[in-house]
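Got your viewer open? Let's take a short walk around this one, picking a few things to select as we go.

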Amino acid sequence: MTGQMEVHTSAYQVLDKTVKSIGNSGGVLVPKKWVGKKVKILLLEEVAEEE
């Protein structure tokens, strides 16, 4: 899906993070106590299409 969308959700905690380069991918580090838990990652800025 492309374009902006509105999302409503309930959460136990919210973190504002920036995706960092990890190898040939990107990643967001979260607290170790979150290991094995379900999370949602929301992209808040538009990404330019690569040619």
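**Pockets first, then the surface**

Start with the second largest pocket, which holds about 550 Å³ of space. To find it, select Gly 3, Gln 4, Met 5, Leu 43 and Glu 45: of the 13 residues that line this pocket, these are the closest to its centre. Colour the lining by class and you'll get seven nonpolar, three polar and three charged residues. Keep in mind as you click around that this is a predicted model.

Next stop, the largest pocket, with a volume of about 1,100 Å³. Select Val 14, Leu 15, Lys 40, Ile 41 and Leu 42, which lie nearest its centre among the 25 lining residues. The class colours here come out as 14 nonpolar, four polar and seven charged.

Leave Leu 42 selected and add Met 5, Val 7 and Leu 44: these four form a nonpolar patch on the surface. Switch on the surface display for them; together they have about 430 Å² of accessible area.

Now zoom in on Val 7, in the segment before β1 (20-22). Is Val 7 buried or exposed? Somewhere in between: its relative accessibility is 43%, so Val 7 counts as partly exposed.

For the last stop, jump to Glu 50, in the segment after β2 (25-27). Glu 50 has a relative accessible area of 79%, so it is exposed. Before you close the session, draw a distance line between the C-alpha atoms of Glu 50 and Val 7: they are 43 residues apart along the chain, and the line should read 26 Å.

Conventions:
Residues numbered from 1 in each chain as written. Predicted model: local features only at pLDDT ≥ 70, side-chain atom pairs only at ≥ 80, totals over all residues. Heavy atoms only, no water. Helix = DSSP H or I, 4+ residues; strand = E, 2+ residues; numbered from the N terminus. Buried < 20%, exposed > 50% of the residue type's maximum accessible area, 1.4 Å probe, protein only. 1 Å grid on protein atoms, 1.4 Å probe; cavity = no way out; pocket = protein on both sides within 12 Å on 5 of 7 lines; lining within 4 Å. Points joined across faces, edges and corners; volume = space filled by probe spheres on them. Nonpolar A, V, L, I, M, F, W, Y, C, P; charged D, E, K, R; others polar. Patch = residues over 30% accessible without salt bridge, like charges linked within 9 Å, V, L, I, M, F, W, Y side chains within 5 Å. Areas by Shrake-Rupley, 256 points an atom, 1.4 Å probe, with all protein chains shown as cover. Salt bridge = Lys/Arg side-chain N within 4 Å of Asp/Glu carboxyl O.
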